[in-house]
Amino acid sequence: MTLRAALRVERGAFVLDVDVRCESGRTVAIVGPNGAGKTTLLRAVAGLEALTRGGVELDGVAIDGVPPERRRVGFMFQDGLLFPHLSALDNVAFGQPNRRRAFDWLERVGLGDKASARPSELSGGEAQRVAMARALAPDPAILLLDEPLAAMDAATRNEVRRMLKTHLDGFAGPRLLVTHDPIDAAILADEVVVLDRGAVMQSGTPAEITARPRHPWVADLAGLNLFRGDGDGGTTIRTSVGVTLHAAAAPRGAVYAAVSPRAVSLHLDRPAGSARNVWSGTVAAVEPLGAVVRVRIDGTPSITGEITAASAEELHLEAGCAVWVAVKATEVDVYPA
């Protein structure tokens, strides 16, 4: 079974124009910045958003003319959106007559003993599990999940992510998952579609898109610094922020330049070494990560580096202090945009 959403939605100044496919048994994560059109895409697939043109197909059969309640779509809304006046069981059973099946799904998500509890009596993780059971109980053909892990603390997020992984893997149909979190996309998705300003910027498996990022969101997923600019056909890139980077090779034309945080060295004085990319900046944040420290530098360009905890202590790094950044030309990975 293949879901295809080739559609255009015009809403004021905003335009969503995409062609997204999802095969049975696979999870496609829809990612990107706020306002990219992620939730609008899910609502269009569910029949909750009017299309300007195009359509939604399931195995080549158009379903965009089918009323939302007859599309066999399971929708897990952001923050669950449980009915506060109904019990957990009544929430799962809402809209379908088979209460035995609803209770079975509560048990599957580990909440059989909470059947009579109201949403206000559930923890955040429990409420999301009820929302998952409600989406799956009617035996949908398509599963849509809109930011199911948003606004949770770390422990609850890990708990619900494990539950989602289990039930996503057990769902036979196509699954579309909206998330803003690179970790959720990497763990839960088979494929990733990056949206920005209503258009698909990049798509592929997590490994494919992180190998050659073409959007800042993907660079975050890969843990890379990403710059866009124009190569001169030699070794120089003029970036979009107006500064020049040097690389081992820079193809002529529009390019991306990726730099690993581990390739960034930091100094209190201008370094005298062989690095061809040297500029000054100001420490914006210092984030300990076990044996390494991630340092965000504001400058032209801004960049993130990772250095050892011992080096950070030796440099006495803290927010607001001035530093010099150095990156060797051989550490700048350049590829066509």
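Let's start at a loop: Pro301 sits in the stretch between strands β17 (292-299) and β18 (303-308). A cis peptide bond links this proline to Thr300, with omega at about 5°. Keep in mind as you look around that this is a predicted model. The chain has nine helices and 20 strands, and its mean pLDDT is 91.

**The big picture**

- Taken along the principal axes, the box filled by the C-alpha atoms is roughly 75 × 45 × 35 Å.
- Of the 337 residues in the chain, 48% are buried.
- Look at the contacts with a separation of 6 or more, and you'll find that 64% of them are between residues 24 or more positions apart.
- As for confidence, 99% of the residues reach a pLDDT of 70 or more.
- Strand β2 (residues 14-23) has the highest confidence, at a mean of 97, while helix α8 (residues 216-222) has the lowest, at 82.

**Helix α1**

- Helix α1 covers residues 38-46, and seven of its nine residues are buried, so you can call the helix mostly covered.
- Here's the roll call of those buried residues: Lys38, Thr40, Leu41, Leu42, Ala44, Val45 and Ala46.
- Right behind α1 comes Gly47, which has a positive phi near 85°.

**Helix α3 and what's around it**

- Which residues of helix α3 (residues 99-108) are buried? They are Ala102, Trp105 and Leu106.
- These three share one side of α3, because they cover an arc of only 105° around the axis.
- The cover over the buried residues of α3 includes α2 (88-93), α4 (124-136) and α5 (154-169).
- At the start of α3, Asn98 has a side-chain oxygen within 3.2 Å of the backbone nitrogen of Arg100.
- Just past the other end of α3, Gly110 has a positive phi of about 80°.
- His167 belongs to helix α5, and its relative accessible area of 13% is under the 20% cut-off, so it counts as buried.
- Setting aside residues up to four places away in sequence, His167 touches Trp105, Arg108, Val109, Met132 and Leu136.

**Phe94, in a loop**

- You'll find Phe94 in the loop between α2 and α3.
- Apart from neighbours within four places in sequence, Phe94 is in contact with Phe83 and Leu86.
- Phe94 and Pro140 are 46 residues apart in sequence, and their C-alpha atoms are 14 Å apart in space.

**Asn277, tucked into a strand**

- Asn277 is part of strand β16 (residues 277-289).
- Is Asn277 buried or exposed? Its relative accessible area is 2%, so Asn277 is buried.
- The side chain of Asn277 reaches the backbone nitrogen of His246 at 2.6 Å.
- Leaving out neighbours within four places in sequence, Asn277 has contacts that include Thr244, Leu245 and His246.
- Further along the chain, Asn277 is also in contact with Val325, Ala326, Val327, Lys328, Ala329 and Val332.

**The largest pocket**

- How much space lies in the largest pocket? The answer is about 600 Å³.
- There are 19 residues lining the largest pocket, and Glu69, Val73, Gly74, Phe75 and Pro138 lie nearest its centre.
- Strand β6 (73-76) and helix α4 each supply at least two residues of this lining.
- Which element gives the most to the lining? That would be β6, with three residues.

**Two arginines with a positive phi**

- Arg72 isn't a glycine, yet its phi is positive, at about 60°.
- You can spot Arg72 in the loop between β5 (61-62) and β6.
- With a relative accessible area of 47%, Arg72 is partly exposed.
- Arg197 is another residue other than glycine with a positive phi, this one near 50°.
- Arg197 lies in the loop between β9 (191-196) and β10 (199-204).
- Arg197 has a relative accessible area of 65%, which is over the 50% cut-off, so it counts as exposed.

Definitions and conventions. Residues are numbered from 1 along each chain as its sequence is written. Side-chain values use heavy atoms; hydrogens and water are left out. Buried means under 20% relative accessible area, exposed over 50%, partly exposed in between (1.4 Å probe, protein chains only). Helices (H or I, at least four residues) and strands (E, at least two) are DSSP runs, numbered from the N terminus. The arc is that of the directions from the helix axis to the C-beta atoms. Contact means heavy atoms within 4.5 Å. A polar contact is a pair of N or O atoms within 3.5 Å; within protein, one must be able to donate a hydrogen and the other to accept it, and residues adjacent in sequence count only if both atoms are side-chain atoms. pLDDT is the predictor's confidence in each residue, from 0 to 100. On a 1 Å grid over the protein atoms alone, a cavity is a set of points where a 1.4 Å probe fits but cannot get out, and a pocket is an open set with protein on both sides within 12 Å along at least five of seven lines; lining residues have an atom within 4 Å of a point. Grid points are joined across faces, edges and corners, and a volume is the space filled by probe spheres set on the points.
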